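Student: I've got a model open and I'd like to talk it through with you. Can we go over it piece by piece?

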Amino acid sequence: MSNQKKRNFQIEAFKHRVVMDPRYADKTWKILEHAIHEIYNHNASGLSFEELYRNAYNMVLHKFGEKLYSGLVATMTGHLKDIAQSVEAAQGGSFLEELNRKWNDHNKALQMIRDILMYMDRTYIPSTQKTPVHELGLNLWKENVIYCSQIRTRLLNTLLELVHSERTGEVIDRGIMRNITKMLMDLGPSVYGQEFETHFLQVSAEFYRVESQKFIECCDCGDYLKKAERRLNEEMERVSHYLDSRTEKKITNVVEKEMIENHMLRLIHMENSGLVHMLCDDKYEDLSRMYNLFRRVTDGLSKIREVMTSHMRESGKQLVTDPERLKDPVEYVQRLLDEKDKYDKIINLAFNNDKSFQNALNSSFEYFINLNPRSPEFISLFVDDKLRKGLKGVSEDDVEVTLDKVMMLFRYLQEKDVFEKYYKQHLAKRLLSGKTVSDDAERSLIVKLKTECGYQFTSKLEGMFTDMKTSQDTMQGFYGCHPELSDGPTLTVQVLTTGSWPTQSSVTCNLPAEMSALCEKFRSFYLGTHTGRRLSWQTNMGTADLKATFGKGQKHELNVSTYQMCVLMLFNNADRLSYKEIEQATEIPASDLKRCLQSLALVKGRNVLRKEPMGKDVGEDDAFFVNDKFSSKLYKVKIGTVVAQKESEPEKQETRQRVEEDRKPQIEAAIVRIMKSRKQLDHNNLIAEVTKQLQSRFLANPTEVKKRIESLIERDFLERDDSDRRLYRYLA
C-alpha cells in the first residue's frame, strides 16, 4: 500500500450544461406569491410548506434570488397598504384594536413567510447584504402603516389622550396600551422614542407644570407633598404596566422637576405648614416624605439642611439667652436635652439617619450652647442635681442613659476646663455631705470623662474618691487608739489632699470646747502616723448632728453645718445672745454668719432660733434666743443643708479668674511642645496649632496665647527672628 502512488481527487463541474426552462422562475414565483396572499388572507392551512420551501430553495439555487426578494417586497408592500387603509377606516376606540389585530396578523404571516424563505435568509441575503426577511417585514410595516400620515398623528394623539384620561382618574384598557407601545419598541428604540416617548414627556411636563401650580396655590405643604408622591408612584406604576422600562427615569425626572424642584423654596418656607412648622410639631411622616422627595432633586437636601440648621440655631439661641430659663440651671439643661432628643428622633425617623443632618445638628448645638458662658456651670449643676436625688430609684440602665446624654452636651462645650472646675466643686460637696445617690454612677461618669478627655482631666477627681476611702480607714484607726472616746461626742474627719480638691481659703472659727479637744486629739494621732504633713481645718465644709430639747420637752436631732453647730452650742450657756456676741464668740466670717443665722431663725418649719426685731434679714443689732415653741413631725430635722446653687456674681468672677490662671501654664506647655518639634514657626501658624492642641479642653484666646509667647520670650524659651519679627525660634 505504501508503495502505491498517492492520488489527489478533484470534483469537477457537470460537463453538460443544464438548460433551464425560462418560464420556470415565473411559474415558481407565481406559486410562492399565491402562498403569501393566502397567508395574509388566513388561508394557510391548505398550503404545503415543504413544497413551498423547496420552490424557494430552487429559485435561489438557480440564481433567481433577486426575483424572489424583490417579489417578496412588492407583495408585502401591497398587503400592508391594504392593512393601512383598514386601520385608517377604524372608528373611535376600535382604532387601536384594529391596529393591534393587524399587527398580530402581520407578525404571524411574517413568521410563516420567513420559514418558507429560510434558505434565502441564510444564503442569498448575507451574500448580497440585503435586509433579512423578519427585519424587512418590520421595516415595511413601519413605512407603510406607522409612518402613514393618517395613522401617525392619530396614533400619537390617541396614546397621549389615553394617558391623560388615566391621569385624570379614568380607567383605560392598559392591555391594548401595552401591546401598542410594545409594537413601537419592536420596531426599534428610535421609533418608540420619536413616535411616542418624546411627545409623551413634553405633554407630561406641561400637565405637571399646570397641576403643580394649581396644587401649590390651594394646598398646604404636607398635602402638596402627598400629591407629588402619589403622582410619582403613579408614573412609575404606569411605566411598569405599559411603557418601556427605560422611560421610568425620564418621566420621574419630569415629575420631580415640575412638582418639586421648581417649587422647593416655596414649599420649605410655606407659612404655617412648611419645614419649620413640621419640625416644631414633630410631623415625622411629612418630614420623611419631604426628605424622600427632595433627595431626588439637585440641592434638595442641602436646602432642607440649611433651613433646619438656621431654625435650630435660632431656637437654641433663644433657649440659652432667655433670662427666665437661666433662673433654673437644671430646667435649662433638661430643655437642651429635650431639644437634642427631639432632633435626634426626627433625623432617625424622618431623615434616614442621614450623616449630613447629624453633622448639622452637632454644629448647631455646639454653636448655641457656647453662646451662654454659664453652660459649663449649668451642666455641672444638672449632674449634681441628678446624682444627689434625681436618679434615686432609677435603674442602672436609665442612669447610664442620663449620663450619656450629659456627656453628649459636654462634648459640645468649648470650655471643658470650666466644666471641670465646677464639677470638682459640686462633686466635693456631694462627697463631703454624703449626699451622692450612687458611687457607681459617680465613678461611671468619671470613666466617661476620662475616655473623652484623657487621664489628666480626671486624675484629681479620682484622687477625691481615694481620699474618702483613706479617711474611713484613718477614722477606724483613730477610734481604735482611743476607745475611751466612744461615750462622748463622735468626730468624723475627712482628710483631703490639697491638690485634688477645690482650693478653699482656710477659714478658722472657734469650735465648742468639747469638739476642740477632740480635734486636737485627732491632729496628734494623724501627725503621729504621717510625718511631714500639715493639717488645716476646713470648718466651712463640715456638718454636725445635734440632739436638742425644746420648751415642752420635745426632743429632736438637728442636722446642721459646722457653723450652725458653733452658734447653737452657745445657747447651752445663754438664753439670749446679740449678733455681736455670737460673732465674737465664734469668729465666723460675717457673710457666712448672716447666712447661718438666717437659716436657723428665718426659715419656716426650721426656725429653731427666734430673733428680735422680726424681719427678713439679719442685722448687726439683732438679738437671738431659742424658739421654745419649735415643733416638727420629724425627729430628725435638716437645717440649711448645703445645696448646689448658682454662683453669685463675685464668686463667678473668682471662678473665672481661677480658670484663666489655670490655663496659662497649659498654653505655655502647648507652645513649648510645638516649638520643640518644629524648631521655628511663624506667629499665625503657631497660634493655629496651639488652638488646635488645646481645643479638647478649651478654646484658646489668641490674645492670651500672644501674651504667653511674650512671657516665654522673656524667659528665654523662644526668640524672635532678627529679620522677620513674626517668626519665632525655639531655644533649647
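What follows is a run of questions and answers on charge, strands, backbone angles and salt bridges.

Tutor: Before we start, keep in mind that this is a predicted model, where local features need pLDDT of at least 70, side-chain atom pairs count only at pLDDT 80 or more, and totals for chains, interfaces and linings use all residues. Residues are numbered from 1 along each chain as its sequence is written, and side-chain values use heavy atoms, with hydrogens and water left out.

Student: Which element gives the largest share of the negative patch?

Tutor: The patch of negative charge sits on the surface and gathers E396, D397, D398, D439 and D440. A patch is made of residues with over 30% relative accessible area and no salt bridge, like charges being joined within 9 Å and nonpolar side chains (Val, Leu, Ile, Met, Phe, Trp, Tyr) within 5 Å. Two elements give two or more residues to the negative patch, α19 (396-412) and α21 (439-453); helices here are DSSP runs of H or I with at least four residues, strands are runs of E with at least two, and both are numbered from the N terminus. The largest share, three residues, comes from α19.

Student: Is D440 buried or exposed?

Tutor: D440 is found in helix α21. Buried means under 20% relative accessible area, exposed over 50%, and partly exposed in between, with a 1.4 Å probe and protein chains only. D440 has a relative accessible area of 59%, so it is exposed.

Student: On to the strands. What is the bridge partner of L681 in β9?

Tutor: Strand β7 (residues 680-682) and strand β9 (residues 727-730) run antiparallel and are joined by three bridges. Two strands pair if DSSP finds at least two bridges between them. For L681, the partner in β9 is Y728.

Student: And which residue in β9 does R720 stand opposite?

Tutor: Strand β8 (residues 718-720) is also joined to β9 by three bridges, again antiparallel. β8 and β9 form a hairpin, with six residues between them. Opposite R720 in β9 stands Y728.

Student: What is the phi of K63, roughly?

Tutor: Look in the loop between α2 (49-61) and α3 (65-89), which is the place of K63. K63 counts as exposed, because its relative accessibility is 73%. It is not a glycine, yet its phi is positive, at about 65°.

Student: What about D282, what is its phi near?

Tutor: D282 lies in the loop between α13 (275-280) and α14 (284-294). Its relative accessible area is 30%, so D282 is partly exposed. D282 is a residue other than glycine with a positive phi, near 50°.

Student: How far apart in space are F64 and G499?

Tutor: F64 lies in the loop between α2 and α3. With a relative accessible area of 25%, F64 is partly exposed. F64 and G499 are 435 residues apart in sequence, and their C-alpha to C-alpha distance in space is 114 Å.

Student: Now the salt bridges: how many does a search of the whole structure find?

Tutor: A salt bridge is a side-chain nitrogen of Lys or Arg within 4 Å of a carboxyl oxygen of Asp or Glu. Searching the whole structure that way, the number of salt bridges found is 50.

Student: Which residue meets R289 in a salt bridge?

Tutor: R289 counts as buried because its relative accessibility is 10%. The N to O distance in its salt bridge is 2.8 Å, and the other side chain is that of E229. The pair links distant parts of the chain, 60 residues apart, with R289 in helix α14 and, in helix α10 (residues 221-242), E229.

Student: How many residues apart in sequence are the parts that R296 and E256 tie together?

Tutor: The side chains of R296 and E256 meet in a salt bridge of 2.6 Å, N to O. R296 lies in the loop between α14 and α15 (300-321) and E256 in helix α11 (residues 247-260), so the sequence separation of the parts they tie together is 40 residues.

Student: Is K611 buried or exposed?

Tutor: K611 and D622 meet through their side chains in a salt bridge (3.0 Å, N to O). K611 is in strand β4 and D622 in the loop between β4 (609-612) and β5 (623-626), so the pair ties together parts that are eleven residues apart in sequence. At 3% relative accessibility, K611 counts as buried.

Technical notes
Areas by Shrake-Rupley, 256 points an atom, 1.4 Å probe, with all protein chains shown as cover. Lys, Arg positive; Asp, Glu negative; His and termini not counted. Charge placed at Lys NZ, Arg CZ, Asp CG, Glu CD.
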